[in-house]
Amino acid sequence: MDLLSFVVALAAVLVGAVGQRMIGMGWGLVVTPAVALVAGPLAAVLVVNLYGAIACLMILPRVWRDIDWRRLLWIAIPALAVMVPGMLLAKGLDTDLLRVAVGAIAVLGVLVAVAFTSATRTHDGPALRVASGTAIGLLNASVGMGAPAVGAYSLLSGWQDRTFVATMQPFWVLISGAVVAVRPLVAPEGSPEWPLWAWFALALPVVAGVLLGDRLAHLVNPTVVRWTIIALSVLGGGALIVTGTLGLLG
């Protein structure tokens, strides 16, 4: 294991945990590319979901009263339903080609969502929730980055208040926990062979990031949330395109 890459991963985990606490997303975008440098792209999916679930579990008691349980069920059930197909998709197809395709679709989806929404008009409903949950589940299980689909749904539905931040915590506990539980059965080769100290070391910035995010959460306003979601979603899709392209060229 390259020590410099691991230090970069530690820093990314810290930033990702802060973002997850403050705006309810951004974990996978920041952490997945950094962990992939250390563990490889396949193993990164397991690592990102494991520590993402831990971060969200820490945040959960702090936001419990603001959770929108009804909307959580609408998006979580379809996301869980496509978990295994998403893993099999990643295992059966060329991973880099899949990243490029998913990244392009994700960026297009966010741009369309921005074009068709405004602060006064939203498009939320059962069909959008089910479709969004399905897309998030497939993206997270296959390439470890569901943020672009989360961002597109947030923009289309106009769901960008404190209940969004709160509801994303149990959502990712369920989705990431399912990946951690099921992935060793579907793709047993996708686990990094790290020394025990590395697993514990990676948990430290998770704790620090959540605590720091607690201190900064009051600085967030709806406009900041909206534009941060747009930026993170586009960057998430762009990161998939770049990493996939480099993999295909390399």
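User: How many salt bridges turn up in a search of the whole structure?

Analyst: The search finds 6. Bear in mind that this is a predicted model.

User: What makes Arg-62 and Asp-214 a salt bridge?

Analyst: Their closest N and O atoms are 2.3 Å apart. The cut-off is within 4 Å, from a side-chain nitrogen of Lys or Arg to a carboxyl oxygen of Asp or Glu, so an Arg–Asp pair at 2.3 Å passes.

User: Why can you say that this pair ties together parts of the chain?

Analyst: Look at where the two ends sit: Arg-62 is in helix α3, while Asp-214 belongs to helix α10 (residues 196–216). The two parts are 152 residues apart in sequence, so the bridge ties them together.

User: And why are Arg-62 and Asp-214 each called partly exposed?

Analyst: Partly exposed is what falls between the two limits, under 20% for buried and over 50% for exposed. Arg-62 has a relative accessible area of 38%, so it lands in between. Asp-214 comes in at 25%, so it gets the partly exposed label too.

User: How do you know that Asp-66 and Arg-162 form a salt bridge?

Analyst: Their closest N and O atoms are 3.1 Å apart, and the limit is within 4 Å, so the pair counts. This one also links distant parts of the chain: Asp-66 is in the loop between α3 and α4, Arg-162 is in helix α9, and 96 residues separate them.

User: Why does Arg-162 count as exposed?

Analyst: Its relative accessibility is 59%. Exposed means over 50%, so Arg-162 qualifies.

User: What about Arg-71 and Asp-68: what makes that pair a salt bridge?

Analyst: Their side chains meet at 3.5 Å, N to O. That is within 4 Å, so the pair makes the list. Both residues also belong to a network of salt bridges that includes Asp-124 and Arg-129.

User: Why is Arg-71 called buried, and why is Asp-68 called partly exposed?

Analyst: Arg-71 has 12% relative accessibility, which is under 20%, so it counts as buried. Asp-68 is at 23%, between 20% and 50%, and is therefore partly exposed.

User: Moving to α4, where does Leu-80 sit, and why is Leu-80 called partly exposed?

Analyst: Leu-80 lies in helix α4, which runs over residues 69–81. Its relative accessibility is 36%, between the 20% and 50% limits, so partly exposed is the right label. Leaving out neighbours within four places in sequence, Leu-80 is in contact with Leu-174, Ile-175 and Ala-178. Its C-alpha atom is 24 Å from that of Gly-19, which is 61 residues away along the chain.

User: Which residues have the most contacts inside the largest nonpolar core?

Analyst: Those are Met-25, Met-83, Val-150, Phe-164, Met-168, Phe-171 and Trp-172, in a core of 41 residues. Helix α9 (residues 162–186) gives the most to this core, with 10 residues. Another core lies apart from it, with 26 residues, including Ala-12, Val-38, Val-48 and Trp-194.

User: What does Met-168 touch?

Analyst: Not counting residues up to four places away in sequence, Met-168 touches Gln-20, Gly-24, Ile-75, Val-150 and Trp-159.

User: How do you know that α8 is mostly covered?

Analyst: Count its residues: 11 of 11 are buried. Among them are Pro-148, Val-150, Tyr-153 and Leu-156. Just after α8, Gly-158 takes a positive phi of about 75°.

User: What is the make-up of the lining of the largest pocket, by class?

Analyst: There are 14 nonpolar, 3 polar and no charged residues. The pocket holds about 330 Å³ of space, and of its 17 lining residues Ile-105, Ala-106, Ala-135, Leu-139 and Ala-149 are closest to the centre. The largest share of the lining, 7 residues, comes from α7.

User: And how does the lining of the largest cavity break down by class?

Analyst: The largest cavity has 7 nonpolar, 9 polar and no charged residues in its lining. It holds about 150 Å³. Among the 16 lining residues, Gln-20, Trp-27, Gly-28, Asn-140 and Trp-172 lie nearest its centre. Gly counts as polar here, so Gly-28 goes in the polar group. The largest share of this lining, 4 residues, comes from α3.

Conventions: Residues are numbered from 1 along each chain as its sequence is written. This is a predicted model: local features need pLDDT of at least 70, side-chain atom pairs count only at pLDDT 80 or more; totals for chains, interfaces and linings use all residues. Side-chain values use heavy atoms; hydrogens and water are left out. Buried means under 20% relative accessible area, exposed over 50%, partly exposed in between (1.4 Å probe, protein chains only). Contact means heavy atoms within 4.5 Å. A nonpolar core is a set of buried Ala, Val, Leu, Ile, Met, Phe, Trp, Tyr and Cys residues joined through side-chain atoms within 4.5 Å. On a 1 Å grid over the protein atoms alone, a cavity is a set of points where a 1.4 Å probe fits but cannot get out, and a pocket is an open set with protein on both sides within 12 Å along at least five of seven lines; lining residues have an atom within 4 Å of a point. Grid points are joined across faces, edges and corners, and a volume is the space filled by probe spheres set on the points.
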